[in-house]
Structure formats: C-alpha cells, structure tokens
Amino acid sequence: MKTIQLFDKGVYAPVIFLLLALFISCEKDSEPEKQSTDPVEGLKKIHEFADDSHTVAAWNETGEFRLGYTKVYFTVQDKDGKYIDSAELNAFPEMDMGMMKHSTPRSEITKVEGKPLYEAYYNFLMYSGQGNGVWYYDLSYTVGNAAGSFDDVVIDVKNAFRPDGTTPVTIIKTFVGTDEKRYVVTLVEPLHPKVGVNDITAYIHESKSPEYPALEGSFTLKLDPRMPSMENHSSPNNVDLTWNAAEKIYRGKVNFSMTGYWKLNLILQDDSGNIIYGNAITDGIEASSLFFEVEF
Amino acid sequence: MKNKQNAMIHKVSSLTRMLHLAFMLAVPPLYAQPQDTTKTVELNEIIISAKTGIHRDRQAKPNASVEEYLQTDGKVGMVKRGAYAWEPSINNMTTERISITIDGMKIFHACTDRMDPVTSYVETVNLSKVSLGSGFEANPNATNNIGGSLDLHLNRSGFCGDGFSANANSGYESNGNLWIYGADIAYANERFYLNSGYFHRNSGNYRAGGGETVRFSQFTKNNVFTNLGIVLKTGHELEGSVIYDRAADVGYPALAMDVATADGLITSLSYTRLFAGMALTKWETKVYYNNIVHIMDDTKRPPEEIVMHMDMPGESRTAGFYSTLSGNAGRHRFSLNWDGYANRSYAEMTMYPADPNEKTMFMLTWGDIRTLNTGLFFVDEYQFNHNHSLRLSAKGSFQRDGVNDKKYGWNTLQMFYPEMKQYKNRFTGNASARYRFRKDSWEANANAGYGSRAPSGSESYGYYLYNTFDAYYYLGNPNLKHESAIETGLSFAWKPGALELKAEASHFYFTGYIIGKIDPSLKNNGLHMNFGEEGVKVYQNIPHASLLNTSLLLKYRFLNFYTLNGKATYARGRDNESASLPLIAPFGYDVSLRFAGNRFVAEAGIAGAARQTDFNPEYGEDETKAYTVINLSAGYSFRVKKTVVNLNAGVENLFDTYYSTYADWKNIPRRGRNVFVNLKFNY
Ligand SMILES: [Cu+2]
Ligand SMILES: [Cu+2]
C-alpha cells in the first residue's frame, strides 16, 4: 500500500514565483520624497549679479525666460554664500521696441514660505527680437539696511515652439473684448501635459500699459479642447476655468484622451455670462478666436 | 509486469480521458462503444486529427483548420472576419462568455479587435481532440464561462510501444490557392516519447460565390511543436510541450486593418502521478507560460481607404498552473482541481497625423490589464445503478484585476470614472447538476446550473475599442457587476439499433448581462473620434436577457457502409426589451450521407440556414438571407510497403453559391466553389 505524498514535489515553488513575478510590479509603492536643504535643487540658473555685499540670482526649471508664462525664482546670498531669507526684491521688465516701450503682465516678487527663495511670474507678451524689441529689467534688492540694484539688465526671452522646434505655439493671447477693454489671457498649466486628467490654469490681465492689473474673479473661461488632426474630436468631462481665490488663478480641468496636438478652445465670459471674446465650435467653425495649443 | 499494469491503469481509468469518451459528431464510430455503465459521457468530443493508417473513421478533409473541425459540432459556431482566425462560439456565446484552454492552460488573445481567438494559435497537427463543455458543465480549468468551454488536447504520442513513426501531408485548395504542408515525427516507447512537427498554410485571396475576389483575405501560417514525455519511475510521468505559431500577412476583409504578424509561444511542463489500486487514480500538476504578440498593419491597404495610418500592437502573457486529483470510490467518480493564472494584456494605438511635424497620437487601448485568478473546482459523478446517474460540479474563483499602467491606463479611464480604483477583487463561481436516466434504447438528461462571470478585460478596462460591426467605439466600464445566469437543459435520445435520434434544449437566463450600450453623453462630450463612426458605446449590465438553444440530431446507419447524419439547430436570444441579442444563429441544418468502406470513404452533404429574421440593427446586424450549399468529398487509402497513403479530394460549395451567414462580420461573403486535394503519408 502506497501512501500519497501530496506536497513533496516542490512543484508549487516555481508557480508561486511566476505568479508573484507577474504581479509584483502592480504593488510597487512610490518612494517617499527626500526633504532637501538646498533651496535651488532642481532649478537651473538663468543669470546672477553680484555687488560688494550680495549676490542675486534668478532661477527656474528651464534656465531661461520664455514667451508666455515664465516662473522665476530669486535667491539672495551674502558674501559668505549664506542664503538670505529676509530680503525684498523688485524687478520691472520692459521691452524697448524703439518707437515705444511696454511691460508685461507679471506678479510681485514674493517670499516662498519655508525657504530662502523668492518667486514671481512674468507672462511675456513677446520674445526678444520680436519687432526688434529688447527686454531688460532693473533688479533691486533690500536686505536690512543694505540695498542694491542691477539696472538695465538685458533678459533674453526665448520664443516658444511646438515640439518640432520650429512652429511657434500659442500660449498667450492679447485681444480687445466686446466691452472694448484690452485683455491678456495666459496659459499656465498644464506645464507637463499627460494623457488623462490635467489641471489647467490661466491668468487674465487687463492691458492698461504700462500696468497690467490681474483680473481676479468675475470671469469664466469656457473650455473645449479639440484635436484638429482627428476630425476635431473633443475629450470628455472637461471643467471650465473659474477663479480660485486661494491660489489667485483661474483653474479648471482639461482631459487629454491621447497624446498629440490639442487646441484648447476658450470663451471668455463675464459674471453674467456675456461673451467677452471667443466663440463656440459648431459646424464649419473649427476653432475659437481664443485658443491655446498643447502638444505632447 | 508492474509497468504494464500501470500503463493499463493510465489508459483505462484516468478520469480525464474517460470524461472525453465521446459522442462523435464528425466521425461515426465504426464499432459499437462498450456499454460500460461506469463510463459516462461528460463532455462532447470533437476529433481533430484524422487517425493514422487505413481506417474507416478518418475524415474526408484531414487538413481542415481547427475552426473547420470545431464547427462540425452543433453547439459551436464561428464568427468570421476573413478566411483566417475565426472566433468560436458555444451555445451562441463568444469569447467573453466561454473559456478556451489548451490542455487545461489558460491563454488569452492579444488583439483588442478580436482578430486572434486563441484557437488561431494552434494547428490541427498540434491537437488530437477537443473537449466541449456546454454551459456550466465545463472543463475543470474553465473560468468565467457561462456558455461553455473548449479544451484543446495536444497531440501527444503518449507512453506506448509504437516506436518510430512519421507523417507527411500536403494539401491544395483551388479557391484562394491555398497550400498546406506538414510533417511530423514521433518516437514512443513505454517510458519515453517525443513528437515534433511542422505545419504550413498559405493562401491568397479567396473568391466568393460567383467569382468576386474578396480582397485582403490572404494569410500565411507556420507552426512548429514538440511534445516530450518521460516516465521518471513507474507511476511518475513528466511531460512538456512547446508550440510556436506564427501567422503573417493575414488579411481581414471585414475589418479596417490587417495583421503583419501574430506570434504565439505556448509552453507547459506537467508532472503526473498515477496510483494503482487506490481510490485516487491520478494526480496531475502543470505549470505553463504563454506569450502572444499581435501586430496589426494597415500599410497594405490602398492609401485612399485609410483615414489615418495607425500602429496597433498588442500582447498577452499568461503564466499559470493547475493541479488535478482524480479518482473513483465505489460508485463515485470524482475530480478536484486547483488552478491559478496571471495574465497581462497590453495594447497600444499610435496614430500618425497628416502633418509629419505633428506629434503622433498615442494611447493604450488595454492599459496593461492584469488579471490574477485562482479557483477550486470539484466534480463528482454518482452512478446510482444501471439506469440513474447524477453529476454535480462546482467552481469558486477569486479574481483580482485592474489596470497596471498609471500613465496611459488608469489615468485615461479616470477621465470617465474619477472614482475608479486601480484594482478590484471579485469572487465568481458556478454550480451545476445533471441527472441522467438510461433505459434500453432511451436516454434522458436534465441539468441545471447557476453561475457568474467577471467582466472581461475589454469590458472592464477597454479604451477606444473600435467595433467595425456596429461602427461604435467601445469604452470599458470598471464599475460593471458580474454577469450571472441560470442554465437549464433537457435532452432526450432514442437509439434503437442503427437509428439515433436526439433532441436537446438549453436555456440561459441572465441577470446583469453585459453588453455595449450607446452613451449619448459621450458623443457630445467627446470620446467620439468623428471618423464617420456612429458614436460611443459603454459596456453596461442590462437587467436581464435570455438565450435558448435547441438542436435535433439524427443518425442512421444502413446497408453496412452508409450513415445518414442530420442536424438542425435553432436559437433565440433576447435582451430585457425583448430585442434580439447579437450574433445568434437562425435556424440551420446540415444533412450528409456518408459511405465508408474499408479503403474508400465518400460523403455528400447539404448545409444551410433559414433567413435570419431575429436580428438587431442596434448591434449593426441586418437581415441575412437564407442559403444552401452542397459539399462532396471522397477519400481513398492504400499501402505501399510500410507506408500508408491517404488521398482525399472534394468540392465545397459545389454550385458556387454567393452567401454569407449571420456570423460573417459585415456580411463578407463566404468562399465560393472550392476544390481540395489532400495527400497524406503515414510511416
Ligand atoms: Cu486624437
Ligand atoms: Cu488585431
């Protein structure tokens, strides 16, 4: 009489291994982010100026100024290289086009909480060389009693292109609305567009050169993203951009059902739903007069 | 001596083999089957490869494709999108509702557009037979099946003292200029076997009845396989198999794209323990792995017919195991099976815009869908006495599935389902009972079952799946609930001597039937691609649906050499609004007269279907006309020294009738008149 040996063969080990191997990658946990002490980690230096007492530098993710929304961080260091977190900074960019000068929509330079870092954005209306214009700014700082200024610093604002590197991309738009006012609408996010749900943010400024006051609230940007290369199909469940008081920006959701070239068609409406600028897409009208381009 | 005894036990009492003892539709058995009451007819069997040597049972068209063999069974249908890779249905249910395994191995197609049912990755030469389970009375390894199961049995030499043997065969079919070549060799003794072979099929475009060429219906297929078995010591068997199958340049006239290559690698290793003189007779454990890579291709189509060039590769990988314990105790015959598998299904779509400077459009239509499934199956057959028997079976399965790719998979689905979790756990199962009564020449069966299935990967997580049949894009729905069904069946058979009559009916009542329904919000709101398609359908559970399958079979043997076979089938499927379910066969019939002498066989058949009146335009169906086709075939065998030569020839669709059936995708016509010749050498 034989006994039945049920589990002596080790047959199950490779099986379990196989099943684990197939499934293990599903269960990966994202690694916790390391807390860094370097305030400019991950940022590239755009330029840097020094006087007898301090060094002021401008930074951002790409290391350059670019047409449209450009985020810039500043640092102030003393002679020992120590980062100062109690400085006050000011910069006023201007474009000199020979016959005229103009500035651009921008924010004040404010302190980044928790870091010896200062931030601002500039929504450049034009790139350097466009209409033979030259961009420059006066960059001034105050640290306690010390103060300094770097004047007429030329800044090189690059043109913005689609991924092919040669076709300009629409990411900022100036227009006269139905109320006869001049507006500037600037696309901010998605900075890193991806398939699926994306945050979309934008600034609306009124153009009263030399000032460009931010229009905070009381507008809506209706959103209709389209893919012109695919018979102008849309995507589902997009959310129009409305004022987010906490972040001081217009915020919505844009969904990309695939990678590629997307036209984000917009209609600027006031509180009562009056169309200030832009148009709906209907048969025969493939785009709004107000649109931005995203390609990835 | 002991060795021999074990071999006997192996042959006679292994449950699985007995389960497949058969009623053969394709081939009438020459000699009466032993009326051993302990043997029960469990699952239908379809004999795939013709027996070697001079034998009256050999088939008139031995080089037929796997699909051609399968559709000889009344319960099996074939959905056709071209000349190659037909999609099997059982009880009028296709891929999602049936389970197809190869020697118990799970294998899943890699094409989002159903171009590659898994039966397309094997060849006739790989297989010996197919076990067909109807409804919940399925193969032990079947999972998520409602309609039934197919288990394709590999053609292993087995441990027998046959020594060395070789086969070579070739065939030609006039319609489409189809060439077939194959060769296989085998060596077997009682402790070792090895068989290996190669098979090749190559066809140009076929012609429909009347002579019109069906463009993009060509295909080429190559298949190699090796099976190996070793008796480690008496009662301990180790068996392995490898199949590599590659189809290339396959046209799909009913679809917008063709296939550049479809590769299947199917491997397994099994260990079988045979027990002598005990209640347990056999314990088989297998591990397996298969990998399917499917590359679609639109570059062979005329540019003016292509809206946009696309790349659509897909891949499906499955690893798994099963362990089956079989035995007899008193009047019980039982089997216990534990199985598990993990599958990943991945499919891309890259679209090339007209402007070459523009970025390509990319998405995952299967976002690395993962399925982990494990189940326990039990079946027991109890023979009360000579007349009564009862079969009980049950299976419970746990399944975890989800979309592993976050970037292109989960993220995209979250546009539609913001609350969607990445993975889901599910429990499914089924239970069924069959009571059988046999007396004199009468046999009656009554069966009932209840079970559920998890939604398929496409149904849960499919993204932008274009269905050319109804011209809708399909979107998966991760919130789908299980589809469940109650199955009831009755059959009566009367076999007085040379006559056999059998009437059978099965009914399925579904709750939560899963089907794509139009979602108008998505048309306005934009999943819609606007390429002339109708809109978007989303898979949903409709409250209920029903499906009735009926068949009548007749077999009459007369004058020693003649057999008359008749088969009529009718089915009806309805959704909750009493509208027809898609792809349900109308009334169909098949009558053949066969002469089988010692060396000569001949067969004349007439097959057809009535007009399809129950169709549903909502699913892209239209009325299909009635048709009748006539087929003739003959075969002759002779011996030249030690070599047996089989010569077969025939005509299909004798009158070159132009027709298409309810299951022909977009009404593509079937083959017109086709003359075939097969030549086979057995050594
Ligand atoms: Cu697209
Ligand atoms: Cu395909």
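The exercises below deal with two copper sites, some strands and two loop residues of a predicted model.

Local features need pLDDT of at least 70, side-chain atom pairs count only at pLDDT 80 or more, and totals for chains, interfaces and linings use all residues. Residues are numbered from 1 along each chain as its sequence is written, chains are lettered from A and ligands numbered from 1 in the order in which they are written, and side-chain values use heavy atoms, with hydrogens and water left out.

**Exercise 1.** State which residues coordinate the copper ion (ligand 2), and classify the site.

Solution.
- Step 1: Donors are N, O and S atoms within 2.8 Å of the metal (3.2 Å for Na, K and Ca); water is not among the atoms, so sites may look incomplete.
- Step 2: B:Cys111 (SG), B:Met115 (SD), B:His294 (NE2) and B:Met296 (SD) coordinate the ion at 2.1 to 2.7 Å. Their spacing in sequence is C-x3-M-x178-H-x1-M.
- Step 3: Four donors count as tetrahedral if all angles lie between 85 and 135 degrees; four count as square planar and six as octahedral if opposite donors are over 155 degrees apart and all others between 65 and 115; anything else is irregular.
- Step 4: The angles among the four donor atoms of ligand 2 are 87 to 123°, so the site is tetrahedral. For comparison, ideal angles for four tetrahedral donors are 109.5 degrees.
- Step 5: Buried means under 20% relative accessible area, exposed over 50%, and partly exposed in between (1.4 Å probe, protein chains only). B:His294 is buried, at 1%, and B:Met296 is buried, at 5%.

**Exercise 2.** Carry out the same analysis for the copper ion (ligand 1).

Solution.
- Step 1: The protein donors are A:Met227 (SD), A:Met230 (SD), A:His233 (NE2) and A:Met258 (SD), at 2.2 to 2.5 Å. They follow the pattern M-x2-M-x2-H-x24-M.
- Step 2: The angles among the four donor atoms are 83 to 145°, and the site is irregular.
- Step 3: A:Met227 has 0% relative accessibility and counts as buried. A:His233 also has 0% and counts as buried.

**Exercise 3.** Describe the sheet of β6, β5, β9 and β10 in chain A, and find its edges.

Solution.
- Step 1: Strands (E, at least two residues) and helices (H or I, at least four) are DSSP runs, numbered from the N terminus. Two strands pair if DSSP finds at least two bridges between them.
- Step 2: The four strands form an open sheet in the order β6-β5-β9-β10 (chain A), with antiparallel pairing.
- Step 3: β6 (101-102) and β10 (146-155) of chain A each have a single partner strand, so these two stand at the edges.
- Step 4: β5 (residues 88-96) of chain A pairs with β6(A) over two bridges. A:Asp96 has A:Lys101 as its bridge partner in β6(A).

**Exercise 4.** Trace the pairing of β9, β10 and β11 in chain B.

Solution.
- Step 1: β9 (residues 178-188) and β10 (residues 192-203) of chain B run antiparallel and are joined by ten bridges. A hairpin of three residues connects β9(B) to β10(B).
- Step 2: B:Tyr187 has B:Leu194 as its bridge partner in β10(B).
- Step 3: β10(B) also runs antiparallel to β11 (residues 219-233) of chain B, with twelve bridges. Here B:His200 stands opposite B:Asn222 in β11(B).

**Exercise 5.** Decide whether B:Gln612 and B:Ala276 are buried or partly exposed.

Solution.
- Step 1: B:Gln612 lies in the loop between β29 (600-609) and β30 (627-640) of chain B. At 2% relative accessibility, B:Gln612 is buried.
- Step 2: B:Ala276 lies in the loop between β13 (258-274) and β14 (280-297) of chain B. At 37%, B:Ala276 is partly exposed.
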